[in-house]
Amino acid sequence: MANHNGLITDVDLRSHENNLAHHTREIDRERLIVRRGQPFSISLQCYVSLPPKHQLELILHLGSKDEVVIKLQKGRGAGDNWWFNQQRAQDDILLTLHSPADAIIGQYHLVVLMMSPDGHILEKTDKLSFHLLFNPWCKDDVVYLPDESLLQEYVMNEDGIIFMGTWDNINSIPWNYGQFEDYVMDMCFEVLDKSKDALKNSEVDIKQRNDPVYVARMVTAMVNSNGDKGVLTGRWDESYTDGVAPYRWTGSVPILQQWSNSGARAVKYGQCWVFAAVACTVLRSLGIPTRLITNFSSAHDVDGNLSIDFLLNERLESFDGRNKRDSSWNFHCWVESWMRREDLPKGNDGWQVLDPTPQELSDGEFCCGPCPVTAIKEGNLGVKYDAPFVFAEVNADIIYWIVQADGQRQKIRVDQASVGRNISTKSVYGDYRDDVTQQYKYSEGSNRERDVYKKAGRRVTNEITEPGQLKLSIKPSRPVLGTDFDVIVEVKNEGAREAHAQLAMVVMAATYSSLNRGECKRQTISVTVPAHKAHKEVLRLHYDDYVGCVREHHLIRVKALLEAPGENEPIMAMANIPMSMPELLVQVPGKAVVWNQATAFISFTNPLPVPLKSGVFTVEGAGLLSATEISVKGDINPGQKVSVKLLFSPVRTGVRKLLVDFDSDRLKDVKGVATVVVYKRHIRSLN
């Protein structure tokens, strides 16, 4: 018979103490959030001492329909099971719960039962809710990472740096991962709950959420919206009027909020760095150490032959890009997550590539990975998941073909060294770039690198060499957007005879994904180069030449083709010229104190020779303020400086980043950042 007097008068989940011990206090200080494989304690306050021979039983429920029910053992038992022990202190009972290191992650509901000596339920508490996450601090968890400095960066850091540009002109933007912002963790679990596997069979899905391989794979599929209720829709054709342009995002939190608040309708729009950044937020929030990677000169091998074939016509124009074809991106972003791969042979633990950008199907889903980085370096392409595709991204050869009017193809260039350069991630020690190329591949051109390439099934192609007498190159340039600049093409004659040749030069706009976006200028001339001399041809580009074709990534691509009588093959050179962006100045003077008002001053000067219309600043920062837009009134004339003031009240202490983005009709993706140290509020004692 139930005891209606209520022996248990109160339950304290001890959230403050538990969350601090479990490295989750940044997520929430009121709700209980713990990590698997690490004990936590709750206390029961009783009206009187527990009667003799009465027992407590603890039952866990997991899933919206209680798909999983777990009865905790009292005292440590055999096997990796949940168990608890109890201590009495007067009328209080301290319960310490122990979860196995491979427990299912998710939201649990705990019920405490007071049992009579003959096994009847005398009293039953209401369901007590808590969340369980992966635990990279626990040696027995497969996501264990034994370096505290790495844990602070790859789990706890909410501020990131994403590297972009080209391999020889790397720039970066700040990013707010915001994994500890209000209710972001809940939205990350919602991502799992909206997956096709969860909607198809929630019980089977939930029981697999103890495996970080399964969870990570689900996250990469759900960050993009191809074929499911995923978070982001990708677009690369610059038509963003029905959504937000990818370059305008400065953090993951507004994206996840919009997706969740809309009932899991995909947010428009993302590109590779946005997909990767959102995946990084979700995986760090769930407790899997994760970092964002940028691969410069990244290959997309559609047909799986480990080479990228570019077909050009005689005007150096690419064939119709609407057809599915190989491509090489100036940069491509993915994430790496740290885990022990118990589903693979030894040697495949550690960093795993996960790519949420929808490119190719993997077991019927638009996802990629997890794939061991070590397997890529050694050419072990039989390893799960998607090793051949990732291997090609960092190792494929690039072959250029001229398709002549009669349809015949002429191979004009084989490049074995361009793909997979300066593979980068943010340093653990600050906002610097760490080069991790050597983790993916042996030195370019080395015997070991070529041996791995052959092991992976791709023949080394050395049959094409550039003609010996003439050399063609394009000198690098670093123009500032809005200025006139020169492109210098050099023809060098290393032979003993004077050379006559036809030189064609084409300047076009391009995207980071190597799509051509319109021709800016074309010039074809005859050149004569004396023996052992060089001829430099200067192509002047005025602002009016490129303003109509340069797109969101402010990238100019120059192609040059040299044809000379007596030479076996035409000679081709190509260079990407990223245009430098103007500076956006962000300042937060004075001392910032939590919950006290602070002031940010933001200024920007128009560098273009034309007015800017519809200017807008977007400001956000983890622990500082949610995404806020500030519109600029009127036009911003050439050379005009515009300044805005923003008042905000920090909500969390520590070193924070205030991120600012500026966009207008003619100038977009101008970024700025300020570091803000937020101090605790000190309350003066009353005399």
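# Exercises on a predicted model

As a warm-up, K591 lies over the face of Y679, at 4.6 Å from the ring centre. Keep in mind throughout that this is a predicted model.

## Exercise 1: A second lysine and its ring

Find the ring that K377 covers, then follow that ring to a glutamate in contact with it.

**Solution.** Start at K377: its place is over the face of Y442, and the distance to the ring centre is 4.7 Å. Next, look at what surrounds E449. Setting aside neighbours within four places in sequence, E449 is in contact with N395, Y442, S443 and E444. So much for the partners; now the setting. E449 belongs to helix α12 (residues 447-455), and with 3% relative accessibility it counts as buried.

## Exercise 2: The annotated site

Which residues does UniProt list for "active site", and how far apart are they in space?

**Solution.** Step one is the record: the unreviewed UniProt entry lists C272, H332 and D355 under "active site". Step two is the geometry. These residues are spread over 84 residues of sequence, yet they cluster in space, with a largest C-alpha distance of 9.7 Å.

Step three takes H332. You'll find H332 in strand β18 (residues 327-339), and its relative accessibility of 1% makes it buried. Leaving out residues up to four places away in sequence, H332 touches C272, I293, T294, N295, S298, D355, T357, Q359 and E393. Both of the other listed residues, C272 and D355, are in that set.

Step four takes D355, which sits in the loop between β19 and β20 (371-372). D355 has 0% relative accessibility, so it counts as buried. Beyond its neighbours within four places in sequence, D355 is in contact with T220, H332, C333, W334, C367, C368 and E393. Compare the two contact sets and you'll see E393 in each. Finally, the D355 side chain reaches the backbone nitrogen of T357 at 3.1 Å.

## Exercise 3: Cysteines without a bridge

How many disulfides does the structure hold, and which cysteine sulfur is nearest to that of C333?

**Solution.** The disulfide count is zero. C333 is in no disulfide, and its nearest cysteine sulfur, that of C272, is 4.2 Å away. A disulfide needs the sulfur atoms within 2.5 Å, so a distance of 4.2 Å doesn't qualify. As for exposure, C333 is buried at 0% relative accessibility. Another cysteine, C46, is also buried, with a value of 6%.

## Exercise 4: Two aromatic pairs

Classify the W82–Y108 and Y154–W351 pairs by ring geometry, and say where their members sit in the chain.

**Solution.** For context, a search of the whole structure finds 17 aromatic pairs. Take W82 and Y108: the ring centres are 5.4 Å apart and the planes meet at 55°, so this pair is tilted. W82 lies in the loop between β6 (73-74) and β7 (83-89), while Y108 is in strand β9 (residues 106-115), so the pair ties together parts 26 residues apart in sequence. Both W82 and Y108 are buried.

Now Y154 and W351. Here the centres are 5.2 Å apart with the planes at 90°, so the pair is edge-to-face. This pair links distant parts of the chain: Y154 comes from helix α2 (residues 148-156) and W351 from strand β19 (residues 350-354), 197 residues apart. Y154 is buried at 3% relative accessibility, and W351 is buried at 11%.

One last step: go back to W82 and Y108. Together with F40 and F130, they form one aromatic cluster.

## Exercise 5: A helix and what follows

Which residues of helix α7 (residues 253-261) are buried, and where does a positive phi turn up just after α7?

**Solution.** Go along the helix and list the buried residues: V253, P254, I255, L256, W259 and S260. Then step past the end of α7 to G263, which takes a positive phi of about 75°.

## Exercise 6: A loop glutamine

Is Q640 buried, exposed or partly exposed, and what does it touch?

**Solution.** First, place Q640: it's in the loop between β36 (625-631) and β37 (641-648). Its relative accessibility is 31%, so it counts as partly exposed. Not counting residues up to four places away in sequence, Q640 touches F604, T605, N606 and D635. For a sense of distance, try D228: Q640 and D228 are 412 residues apart along the chain, and their C-alpha atoms are separated by 47 Å.

Terms used. Residues are numbered from 1 along each chain as its sequence is written. This is a predicted model: local features need pLDDT of at least 70, side-chain atom pairs count only at pLDDT 80 or more; totals for chains, interfaces and linings use all residues. Side-chain values use heavy atoms; hydrogens and water are left out. Buried means under 20% relative accessible area, exposed over 50%, partly exposed in between (1.4 Å probe, protein chains only). Rings of Phe, Tyr and Trp (its six-membered ring) pair if their centres lie within 6.5 Å; planes under 30 degrees apart count as stacked, over 60 as edge-to-face and the rest as tilted. Helices (H or I, at least four residues) and strands (E, at least two) are DSSP runs, numbered from the N terminus. A charge sits over a ring if NZ of Lys or CZ of Arg is within 6 Å of the ring centre and within 35 degrees of the ring normal. UniProt positions are given in the numbering used here, feature names are shortened, and annotations may be inferred rather than shown by experiment. Contact means heavy atoms within 4.5 Å. A polar contact is a pair of N or O atoms within 3.5 Å; within protein, one must be able to donate a hydrogen and the other to accept it, and residues adjacent in sequence count only if both atoms are side-chain atoms.
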